[in-house]
There are 2 protein chains.
Amino acid sequence: MNEIELSALKQILPEITDPFLLEEMVKHGGVYYFEQGKTITEPGQFVKMVPIVLDGAIKILRMDEEGRELFLYYLEPGETCALSLTCCSASKPSEIKAVAEEHTKILGIPVQLHELWADKFKQWKDFVSSTYQRRFQELLVALDAVAFKKMDERLMRYIVTKMKQLKANELHTTHQEIANELSTSREVISRLLKQLEKKKWIELGRNVIYVRDDFEELMG
Amino acid sequence: MNEIELSALKQILPEITDPFLLEEMVKHGGVYYFEQGKTITEPGQFVKMVPIVLDGAIKILRMDEEGRELFLYYLEPGETCALSLTCCSASKPSEIKAVAEEHTKILGIPVQLHELWADKFKQWKDFVSSTYQRRFQELLVALDAVAFKKMDERLMRYIVTKMKQLKANELHTTHQEIANELSTSREVISRLLKQLEKKKWIELGRNVIYVRDDFEELMG
DNA sequence: TCTTCTTTGTGACTATTGTTACAAAGGCCT
DNA sequence: AGGCCTTTGTAACAATAGTCACAAAGAAGA
């Protein structure tokens with residue numbers, strides 16, 4: 001566990017300027033690295049720290065009792081997970097699965113400090129509050145998708161989200177993995193992807209999907 | 001707009017004991033009444049205050065562009081809505097619909113005060129924080145239902161939730177209304193209810209569903 | 001009672017999604 | 001090249017949910 005440099009922290013969290021808070025974060029926050037694809041938290045595990053993404057990205061998935069999963073949202077640099085905040089505070093086990101989407105660097109803040117800082121530092125309170133807001137919105141987006149959209153549209157939105165996260169127009173993944181994250185079967189995804197290919201909106205290869213630049217406009 | 005009595009407020013929010021905070025709430029909070037079935041907030045409207053339920057109950061529904069709706073959760077006395085907190089803070093229009101489920105009494109806290117109190121009163125901060133936590137959990141429950149459950153199970157869970165809210169084992173509602181809140185069609189609900197009746201788990205009448213006492217155990 | 005409106009029941013049909021089963025193609029290793 | 005494993009393609013079929021059409025029952029009022 002290394003320390004983070006003050007300058008790096010300032011750059012990633014520009015909204016935090018309070019030198020006392022920054023000092024505390026550098027002093028007590030531990031830096032952790034996770035390789036791509038590595039599971040960071042699984043349902044049932046207890047959350048011992050609030051993870052702030054420094055570099056890379058984390059994929060947050062909801063899981064049910066049968067082990068099915070559902071993609072919720074990404075955590076990008078400077079962001080943290082509202083669920084970790086609620087789980088810590090209530091000292092309840094995690095309700096979700098978190099996976100490193102790329103090679104990811106994290107600043108872990110011990111749970112007890114989160115509580116303390118919320119009383120002491122206005123900027124930390126604001127950070128937590130804006131996290132809750134952002135995650136709430138994203139949870140509603142995820143809810144809208146499963147409640148109101150059909151699988152073809154959900155798949156297209158998934159592709160767009162993933163492209164934006166990767167800042168690329170090719171996805172290196174398998175149909176099976178997409179199916180898992182949308183909580184459906186591989187055959188359904190293969191079928192729908194084939195339809196998109198027929199419409200010339202994407203091209204399919206083994207372990208790769210090439211997406212047309214104007215894909216998002218096409219979906220409307 | 002009336003004032004609320006201090007004693008009533010203390011009873012509904014036992015976790016708030018700070019006399020200064022209580023005084024502020026009595027002084028600046030407005031009391032509002034909504035008849036059963038009355039819409040309190042609709043999507044697109046701006047939220048001008050944080051509503052704390054004093055008496056009755058509020059039903060929170062998510063809506064999509066086409067006007068379809070989805071039941072999320074109830075607000076019971078002493079509770080408030082996380083979405084109103086996020087909407088206010090971001091001064092964005094409401095993303096949800098709120099309907100008085102019974103004759104309901106509300107204490108409305110002006111938005112600006114919420115921000116102010118969060119800095120000033122630890123108990124208000126804790127109240128907001130625990131609201132976020134509770135609503136987050138409930139949103140996840142709603143998400144689980146649409147993502148992982150079939151309509152028959154969603155219907156049964158809906159019946160149980162409604163029964164608990166009403167503290168009764170008969171529901172006075174129409175198939176159409178249930179269908180709306182589960183975002184499906186009336187025929188589907190009529191069909192599934194008929195199956196439950198055949199299994200002798202419920203009895204159907206016009207505008208009423210009688211539910212067996214051991215309904216929840218039967219569903220498993 | 002007769003009319004009218006709302007609510008419920010149901011059959012038939014369509015659409016979407018999920019499942020089973022198997023073939024074929026692409027990589028990788030020896 | 002030959003063998004092995006992963007991934008993708010696809011047909012056929014089942015299950016679930018959504019839609020349409022219309023009948024029948026119940027409630028309310030004239």
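Me: Which elements each supply at least two residues of the surface near DNA strand C?

Reply: In this predicted model, there are three. They are helix 8 of chain A, helix 8 of chain B and strand 9 (202-205) of chain B. Helix 8 of chain B gives the most, with four residues.

Me: What makes a residue count as near DNA strand C, and which are the closest?

Reply: One of its heavy atoms must lie within 4 Å of the strand. The surroundings of DNA strand C comprise 18 residues. The closest are A:Lys150, A:Met151, A:Thr184, A:Glu187 and B:Arg206.

Me: Why is the pair of A:Arg191 and a base nitrogen of DNA strand C called a polar contact?

Reply: An N or O atom in the A:Arg191 side chain is 3.1 Å from that nitrogen. The cut-off is 3.5 Å, so the pair qualifies.

Me: What makes B:Arg206 a polar partner of DNA strand C?

Reply: A polar atom of the B:Arg206 side chain lies 2.7 Å from a base oxygen. That is within 3.5 Å, so this is a polar contact.

Me: Which part of B:His175 faces a phosphate oxygen of DNA strand C, backbone or side chain?

Reply: The backbone. A polar backbone atom of B:His175 is 2.9 Å from the phosphate oxygen. The distance is within 3.5 Å, so the pair is a polar contact.

Me: How do you know how the contacted atoms of DNA strand C split between sugar or phosphate and bases?

Reply: Take the strand's atoms within 4 Å of the protein. Of these, 47% belong to sugar or phosphate, and the rest to bases. For DNA strand D, the sugar or phosphate share is 55%.

Me: What makes B:Lys150 a polar partner of DNA strand D?

Reply: A side-chain N or O atom of B:Lys150 is 2.8 Å from a phosphate oxygen. The limit is 3.5 Å, so the pair counts as a polar contact.

Me: Which bases' atoms do A:Arg186 and B:Arg191 approach on DNA strand D, oxygen or nitrogen?

Reply: A:Arg186 has a polar side-chain atom 2.9 Å from a base oxygen. B:Arg191 places one 3.1 Å from a base nitrogen. The elements giving two or more residues to this surface are helix 8 (186-198) and strand 9 (202-205) of chain A, plus helix 8 (186-198) of chain B. Helix 8 of chain A has the largest share, four residues.

Me: How do the residues of the surface near DNA strand D divide by class?

Reply: Nine are charged, six polar and three nonpolar. Lys and Arg count as charged, so A:Lys194, A:Arg206 and B:Lys150, which are among the nearest residues, belong to the charged class.

Terms used: Residues are numbered from 1 along each chain as its sequence is written. Chains are lettered from A and ligands numbered from 1 in the order in which they are written. This is a predicted model: local features need pLDDT of at least 70, side-chain atom pairs count only at pLDDT 80 or more; totals for chains, interfaces and linings use all residues. Side-chain values use heavy atoms; hydrogens and water are left out. A polar contact is a pair of N or O atoms within 3.5 Å; within protein, one must be able to donate a hydrogen and the other to accept it, and residues adjacent in sequence count only if both atoms are side-chain atoms.
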